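Here is a small set of exercises to work through with the structure open beside you. Try each task before reading its solution.

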Amino acid sequence: MLIVGLIGGIGSGKSTVAEMFCQLGAKRIDADQIGHEILQRPDIQIAARNRWGDSIFDANAKLNRKALAQIVFHPSETGREELRFLNFLVHPLITQKIEDQIRQFSESGSECCCLILDAPLLLENHWEKKIDYLIFVDASQSVRVARTQRRGWTSAELDARENTQLNINEKRRMADWIINNSGNLDETLDHVKEIWQNLQTLTRK
Ligand code: ADP
């Protein structure tokens, strides 16, 4: 089974492309989803409350990710320090969970030939050692701003998050394939199908 990493700018369409691969028969590990689940763990919530207080919890004691994001993505040294703390807290657990899921998939005897590791911070976290090939989903800055505005983000919020990540050109440069997802979904699906055909002919690195 090949393990293929999927990266790209925020709002570039990684989830959309991952879903297309799944429709063709791939399996997916969603690192963002794993991260969200880890933030729900009681031990993590205690550590978060100790660090950031009640302001990041809503009236039902549920962690408010938007409030937390405003702290850790604040464009200042304080913001960077808080992000380092959050990463220190959750990234080892996310890494562990990804490794568990990869092992489960490979031991399941599944006929599936390809596991997509959909992980925006794959390179930042050095998870490239876990994958065989890397796909970068590309979309222009203006397209990504428009898409993330639909999530309720301002262009400043998008910039603040992207500035904490590895430079987007550097990420693109590392990829084995680049999927242009600035256009319509049919064009993207055609390219996904082409890469899927290619993947059938490849072996593990
Ligand atoms: P990411 O996972 O990279 O943050 P998503 O896959 O969630 O991005 O896509 C962001 C938004 O843009 C979603 O609302 C999605 O439906 C939409 N979208 C993705 N690709 C396209 C496309 N080619 N054309 C139009 N809308 C798109």
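**Exercise 1. In which strand does Asp118 lie?** Then decide whether Asp118 is buried or exposed.

Solution. Keep in mind that this is a predicted model.
- Step 1: Asp118 belongs to strand 3, which covers residues 114-118.
- Step 2: the relative accessibility of Asp118 is 3%. Buried means under 20%, so Asp118 counts as buried.
- Step 3: look at the surroundings. Leaving aside neighbours within four places in sequence, Asp118 has contacts that include Leu6, Lys14, Ser15 and Arg28.

**Exercise 2. Which side chain meets that of Asp118 in a salt bridge?**

Solution. Start from the general idea.
- Step 1: side chains of opposite charge can pair when their charged atoms come close.
- Step 2: the partner of Asp118 is Arg28, with 2.6 Å from N to O.
- Step 3: Arg28 sits in strand 2 (residues 27-30) and Asp118 in strand 3, so this pair links distant parts of the chain, 90 residues apart.
- Step 4: Arg28 has a relative accessible area of 24% and is therefore partly exposed, whereas Asp118 is buried.

**Exercise 3. Place the salt bridge between Lys66 and Glu157 in the fold.**

Solution.
- Step 1: the N to O distance of this pair is 3.5 Å.
- Step 2: Lys66 is part of helix 4 (residues 65-72) and Glu157 of helix 7 (residues 155-162), so the bridge ties together parts 91 residues apart in sequence.
- Step 3: Lys66, at 43%, is partly exposed, and Glu157, at 24%, counts as partly exposed too.

**Exercise 4. Find the helix that holds both Arg173 and Glu170.**

Solution.
- Step 1: both residues lie in helix 8 (residues 168-174).
- Step 2: they are three residues apart, about one turn of the helix.
- Step 3: their side chains form a salt bridge of 3.0 Å, N to O.
- Step 4: Arg173 is exposed at 58%, while Glu170 is partly exposed at 31%.

**Exercise 5. How many salt bridges does the structure hold, and which residues are linked in a network?**

Solution.
- Step 1: the total is 15 salt bridges.
- Step 2: the network joins Glu77, Arg80, Glu81 and Arg84.

**Exercise 6. Which residues gather in a patch of negative charge on the surface?**

Solution.
- Step 1: the patch is formed by Asp186, Glu187, Asp190 and Glu194.
- Step 2: Asp186 is found in helix 9 (residues 185-200).
- Step 3: with 57% relative accessibility, Asp186 counts as exposed.

How values were computed:
Residues are numbered from 1 along each chain as its sequence is written. This is a predicted model: local features need pLDDT of at least 70, side-chain atom pairs count only at pLDDT 80 or more; totals for chains, interfaces and linings use all residues. Side-chain values use heavy atoms; hydrogens and water are left out. Patches are made of residues with over 30% relative accessible area and no salt bridge: like charges are joined within 9 Å, nonpolar side chains (Val, Leu, Ile, Met, Phe, Trp, Tyr) within 5 Å. Accessible areas come from the Shrake-Rupley method with a 1.4 Å probe; for residues, only the protein chains shown count as cover. A salt bridge is a side-chain nitrogen of Lys or Arg within 4 Å of a carboxyl oxygen of Asp or Glu. Lys and Arg count as positive and Asp and Glu as negative; His and the chain ends are not counted. The place of a charge is taken as NZ of Lys, CZ of Arg, CG of Asp or CD of Glu. Helices (H or I, at least four residues) and strands (E, at least two) are DSSP runs, numbered from the N terminus. Buried means under 20% relative accessible area, exposed over 50%, partly exposed in between (1.4 Å probe, protein chains only). Contact means heavy atoms within 4.5 Å.
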